[in-house]
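Biologist: I would love a close look at a single part of this model, the place where the last two elements of the chain come together. Could you take me through that part and then show me how the rest of the chain is arranged?

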Amino acid sequence: MVYKILDLFAGAGGFSLGFENVRDKNGNPIFELFKAVEIDQIFKNRNGIGRHFTDIGSLYISTKKYTEAEKYLLQALALSDSIGNLNGVKEANKNLSELYAITEKNKKALEHYKQYIAVRD
């Protein structure tokens with residue numbers, strides 16, 4: 001299901017084209033992820049929200065928007081931990097480890113990698 005998004009910034013030199021072109025690793029538009037978060041919030045699907053936050057964080061890593069990636073991944077980790085979603089905790093820690101390794105925050109990278117391994121095993 002594809003949702004149309006009202007683009008308040010459309011026009012010459014606006015953000016419209018840039019937003020439409022932002023894709024995840026599989027070529028899917030990121031804005032479907034944000035719509036999915038909205039839907040999960042309506043239905044109070046915290047598992048889904050956590051999963052989508054992890055996906056958004058991963059996408060931001062791939063587009064080198066590291067501050068945004070960290071924000072979403074930390075939210076995913078906190079939410080997944082609070083509801084006991086071990087797979088969510090595992091995936092968020094794995095992505096945080098990758099993010100911190102890329103940004104040369106090695107102590108944090110190692111910490112999250114250890115947490116990822118602990119949950120994985």
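**A histidine and its surroundings**

Modeller: Happily! H112 has a relative accessible area of 7%, under the 20% cut-off, so this histidine counts as buried. Please keep in mind as we go that we are looking at a predicted model. H112 is part of helix 6. Setting aside neighbours within four places in sequence, the residues in contact with H112 are L77, N93, L96, S97 and Y100. Of these, N93, L96, S97 and Y100 also appear on the helix 5 side of the contact between helix 5 and helix 6, while L77 is listed among the buried residues of helix 4.

Staying in helix 6, which covers residues 106-120, we come to Y116. Is this tyrosine buried or exposed? Its relative accessibility is 14%, so Y116 counts as buried. Beyond the residues up to four places away in sequence, Y116 touches K90, N93 and K94. N93 therefore turns up again, since H112 is also in contact with N93. For a sense of the spacing here, the C-alpha atoms of Y116 and N95 lie 9.1 Å apart, with their positions 21 residues apart in sequence.

Now step back to the two helices as a pair. Helix 5 and helix 6 pack with their axes 8 Å apart and at an angle of about 155 degrees. Because an angle over 145 degrees counts as roughly antiparallel, that is how these two helices are described. Their crossing is left-handed. On the helix 5 side, the residues that meet helix 6 are L86, V89, K90, N93, K94, L96, S97, Y100 and A101. Facing them from helix 6 are N106, K108, A109, H112, Y113, Q115, Y116, V119 and R120. Sorted by class, this contact has 9 nonpolar, 5 polar and 4 charged residues. Both H112 and Y116 belong to it.

The link between the two helices deserves a glance too. E104 sits in the loop between helix 5 (86-102) and helix 6. Although E104 is not a glycine, it has a positive phi of about 60 degrees. With a relative accessible area of 67%, over the 50% cut-off, E104 is exposed.

A second loop has a residue of this kind. K44, in the loop between helix 2 (31-42) and helix 3 (46-62), is not a glycine either, yet has a positive phi of about 55 degrees. K44 counts as exposed, because its relative accessibility is 67%. A glycine with a positive phi can be found as well: G84, just after helix 4, takes a value of about 75 degrees.

That brings us to helix 4, since L77 led us there from H112. Helix 4 spans residues 66-82, which is 17 residues, and from its first C-alpha to its last it reaches 24 Å, close to the expected 24 Å. Its buried residues are A69, E70, Y72, L73, A76, L77, L79 and S80.

Which residues of helix 3 meet helix 4? They are R46, I49, G50, F53, T54, I56, G57, S58, Y60 and I61, and their partners in helix 4 are Y66, E68, A69, Y72, L73, Q75, A76, L79, S80 and S82. This contact has 11 nonpolar, 7 polar and 2 charged residues. The packing angle of helix 3 and helix 4 is about 155 degrees, and their axes are 8 Å apart. Helix 3 and helix 4 are therefore roughly antiparallel, and helix 3 passes helix 4 in a left-handed crossing.

One more residue of helix 3 is worth a visit: L59. At 3% relative accessibility, L59 counts as buried. Its C-alpha atom is separated by 7.5 Å from that of A69, 10 residues away along the chain, and A69 is itself buried in helix 4.

Finally, the whole chain. It has 6 helices and 0 strands, in the pattern α-α-α-α-α-α along the sequence. There are 121 residues, of which 33% count as buried. Among contacts with a separation of 6 or more, 41% come from residues 24 or more positions apart.

Terms used: Residues numbered from 1 in each chain as written. Predicted model: local features only at pLDDT ≥ 70, side-chain atom pairs only at ≥ 80, totals over all residues. Heavy atoms only, no water. Helix = DSSP H or I, 4+ residues; strand = E, 2+ residues; numbered from the N terminus. Buried < 20%, exposed > 50% of the residue type's maximum accessible area, 1.4 Å probe, protein only. Contact = heavy atoms within 4.5 Å. Expected span 1.5 Å × (residues − 1). Axes fitted to C-alpha atoms, helices over the stretch in contact; angles between N-to-C directions. Parallel < 35°, antiparallel > 145°, perpendicular 65-115°, else oblique. Left-handed = near helix turned anticlockwise from the far one by under 90°. Nonpolar A, V, L, I, M, F, W, Y, C, P; charged D, E, K, R; others polar.
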